[in-house]
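Here is a quick tour for anyone opening this structure for the first time. Have the sequence and the 3D view side by side, and take the topics in order.

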Amino acid sequence: MNPSENMNVVSVAEGELGLSSPAATFEEPASVLRRLAKDHKISIVSAIIIVLFVLGAIFAPVLTPYEYDSINLSDRLAAPSLAHLFGTDEGGRDILTRMLYGSRVSLVIGIVPTLLSVVVGTFIGMVAGYHGGKVDTVIMRVADIVMSFPTMLLAMVVMYTLGGGTANVFLTMVLVGWAAIARVVRAETLKLKESEYVEAARIIGVRQARVILRHILPNCLPTVIVLFTLEIPSSILTESSLSFLGMGVQPPSASWGLMVSAGREFLYHAPWLCFAPCLAIMAIVLAFNYLGDGLRDVLDPHLQSQ
Amino acid sequence: MRGSVAQGVLRRLLYALIAIVGVAALVFVLLRMVPGNPVATLLGEHADNETVERISSSLGLDQPLPVQFANYLLGALRGDFGESYTLGKPVSELIGPAFVNTLWLALAAALVAWVVGIACGLFAAIRKGTIVDRLFMGFSLLGVSLPVFMVSMLLQYVFARYLHWLPVAGISDWTGYILPAIALGWGSAGSIARLVRSSIIEVLQQDYIDTARAKGRTNSQVLVLHALRNAMLPVITLMAMQFSGLLSGAVITETVFSINGIGRLSVQAIAGRDIPLLQGTTLLCTFVIVMGNLAADLLYNVCDPRVRKGA
């Protein structure tokens with residue numbers, strides 16, 4: 001038997017006896033941080049990088065002397081220099097400035113729709129797993145349909161129907177994203193449902209909604225947090241791909257994917273147009289992936305033995 | 001026992017069918033939610049109402065949506081996906097050759113992904129905790145983290161533009177597939193490597209590995225005959241499922257490398273508001289993916305008798 005299951009059952013059964021919250025396995029954030037700092041230094045570095053990116057996005061107007069959309073034709077396609085650290089684009093706009101403003105769009109699209117799909121997916125997954133029967137079958141078939149779709153094509157079809165623009169990118173990503181989350185949470189719920197403390201709660205007549213919220217959800221949370229952290233980078237990549245194809249964020253808004261797409265034309269004589277935003281995407285995606293890996297090792301007991 | 005296996009297979013086939021029809025319905029409805037009559041859009045602003053109505057009715061667009069959908073499905077069963085609005089040819093004639101190109105690209109990318117992924121994962125697992133492990137896993141995570149368009153353009157820039165070793169874009173012979181296959185396959189290689197590593201490490205902790213060692217098997221025998229064989233189960237599933245990733249990721253790769261595959265055709269269909277063509281490409285990709293998932297399921301069953309019991 002899996003040792004982590006024992007741990008869950010024991011610690012949670014204790015909670016059950018005292019009729020307190022069963023989430024005894026859920027750690028304090030400070031202790032998670034400590035364990036990350038001990039075994040996963042790269043996750044801490046990643047977290048710092050993410051914070052820096054977020055600060056850069058918030059304080060963009062303070063950090064740069066340029067406007068993100070002011071065209072200066074005498075300074076077109078200037079190579080990186082002290083005045084323009086990452087050079088300028090075909091309209092003479094400072095690339096660093098545009099990247100700072102673009103990070104607002106890219107980060108918001110990376111985080112907000114992911115949060116929404118995680119919330120929706122978790123809820124649906126728990127209901128399907130706990131309820132079982134027809135409800136489960138129908139929900140999982142729908143999830144199957146969503147997951148049988150090539151993500152980019154589905155996103156493209158939805159964007160085509162709704163038209164480009166930030167709000168529609170949001171909606172598209174939630175429509176595409178919830179299914180995978182629901183699947184994992186359902187599997188987790190099925191496991192938890194068999195555990196003795198959930199059975200005990202059911203036997204003493206706790207209502208279904210309460211069992212889900214008080215007993216299943218807290219024990220799914222570590223997995224959900226890890227999923228959330230690991231889904232953010234893929235959302236950022238999806239957004240940048242959609243924008244790269246011209247089907248995502250529309251100008252004059254700037255997003256990293258859009259900047260790469262605009263810079264592609266000048267790939268050979270002004271490669272910084274493309275590669276500066278590419279590097280930003282790479283840095284933030286790597287940071288979230290490393291953080292998610294670290295969190296998984298610390299939070300998710302299934303992988304802890306390694 | 002036999003009966004339950006057959007039942008399981010039948011149930012999975014049914015689920016696959018539901019998924020395909022479901023996706024077809026979803027795309028059908030979504031594409032018809034686009035505001036405005038597609039015929040009017042196609043004919044331009046000078047067309048009068050009568051012409052628009054006549055053409056709409058000849059295309060069956062004036063019928064109720066469920067009837068249109070049923071007709072579409074019946075046609076699709078016979079291989080008739082309608083006629084492309086923009087290219088003036090039957091959709092089936094367009095997606096056939098395009099699919100062949102995408103398939104070659106996906107296979108080449110899968111080859112890169114499997115060879116690189118399994119090798120990286122295996123070495124990282126054996127040298128767990130060392131610098132080799134970190135390097136291989138960093139390389140894998142980089143593959144997962146880099147946007148496909150970035151890798152594509154970087155490869156074009158270095159190998160085609162600077163070194164002139166390989167063609168920039170287009171497919172004239174097999175060398176044309178090398179760069180796109182790397183660009184598309186690296187990400188999949190990364191996730192395969194990570195899964196191979198973790199499942200080998202997990203398998204190596206099992207009791208039967210100790211038994212094998214006690215029987216006097218050498219380290220490499222244990223690794224290949226026992227560990228890798230059992231660790232491959234989840235990997236096989238991932239590899240089959242990744243075909244969907246390769247096919248949908250191919251949109252970007254095909255666009256950057258100018259490969260006339262399904263992805264590029266879909267982009268063209270969207271740009272031209274060509275609904276029948278877009279329907280055809282999405283349906284075809286879905287079919288392939290559902291079949292890939294089905295194959296993964298069945299393979300898993302064949303490889304692991306434990307799963308069969310549960311099914």
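## Getting your bearings

Chain B is built from 13 helices and has zero strands. Keep in mind as you look around that this is a predicted model. Following chain B along its sequence, you get α-α-α-α-α-α-α-α-α-α-α-α-α.

**Chain B as a whole**

- Chain B has 311 residues, and 41% of them count as buried.
- Take the contacts in chain B between residues at least 6 apart in sequence: 71% of these join residues at least 24 apart.

**The two domains of chain B**

- The domain assignment splits chain B into domain 1 (2-77) and domain 2 (92-310).
- Where these two touch, domain 1 of chain B puts in 14 residues and domain 2 of chain B puts in 13.
- On the domain 1 side of that contact, α1 and α2 (38-43) of chain B each supply at least two residues.
- The biggest giver on that side is α1(B), with 11 residues.
- Sorted by class, the side of domain 1 of chain B that touches domain 2 of chain B has 12 nonpolar residues, one polar and one charged.

**The nonpolar core**

- The largest nonpolar core takes in 171 residues.
- Those with the most contacts inside this core are A:Met156, B:Leu105, B:Ala109, B:Ile192 and B:Val196.
- Helix α5 (residues 91-126) of chain B brings the largest share of this core, 18 residues.
- Both domains of chain B join in, as the core draws at least three residues from each of domain 1 (2-77) and domain 2 (92-310).
- If you want one spot to zoom in on, try B:Ala109: leaving aside neighbours within four places in sequence, B:Ala109 is in contact with B:Ala181, B:Leu184, B:Gly185, B:Ser188 and B:Leu246.

**Helix α8 of chain B**

- This helix is mostly covered, with 22 of the 27 residues of α8(B) buried.
- There is also a kink to look for: α8(B) bends by about 40° at B:Gly185.
- B:Gly185 is also one of the residues in contact with B:Ala109.

**Where chain B meets chain A**

- Here 40 residues of chain B are in contact with 33 residues of chain A.
- On the chain B side, the elements giving two or more residues are α1 (2-32), α6 (131-145), α7 (148-162), α8 (178-204), α10 (219-256), α11 (262-271) and α12 (275-303).
- The largest share of that side, nine residues, comes from α1(B).
- By class, the side of chain B that touches chain A has 28 nonpolar residues, 11 polar and one charged.

**A glycine in chain A**

- You'll find A:Gly246 in the loop between α10 (208-244) and α11 (256-263) of chain A.
- Why does A:Gly246 count as partly exposed? Because A:Gly246 has 18 C-beta neighbours inside 10 Å, and a residue needs 20 or more to be buried and 12 or fewer to be exposed.
- A:Gly246 and A:Tyr290 are 44 residues apart along the chain, and their C-alpha atoms are separated by 29 Å.

**How far to trust chain A**

- The mean pLDDT of chain A is 78, and 85% of the residues in chain A reach 70 or more.
- Over residues 1-24 of chain A the pLDDT is below 50, and this stretch has 36 contacts in the model beyond near neighbours in sequence.
- Where pLDDT is low, predicted coordinates should not be read in detail.

Notes:
Residues are numbered from 1 along each chain as its sequence is written. Chains are lettered from A and ligands numbered from 1 in the order in which they are written. This is a predicted model: local features need pLDDT of at least 70, side-chain atom pairs count only at pLDDT 80 or more; totals for chains, interfaces and linings use all residues. A nonpolar core is a set of buried Ala, Val, Leu, Ile, Met, Phe, Trp, Tyr and Cys residues joined through C-beta atoms within 7 Å. Helices (H or I, at least four residues) and strands (E, at least two) are DSSP runs, numbered from the N terminus. Domain bounds come from an automatic or database domain assignment. Two residues are in contact if their C-beta atoms, placed from the backbone, lie within 7 Å. Ala, Val, Leu, Ile, Met, Phe, Trp, Tyr, Cys and Pro count as nonpolar, Asp, Glu, Lys and Arg as charged, and the others, Gly among them, as polar. The bend at a residue is the angle between axes fitted to the seven residues ending there and the seven starting there. pLDDT is the predictor's confidence in each residue, from 0 to 100.
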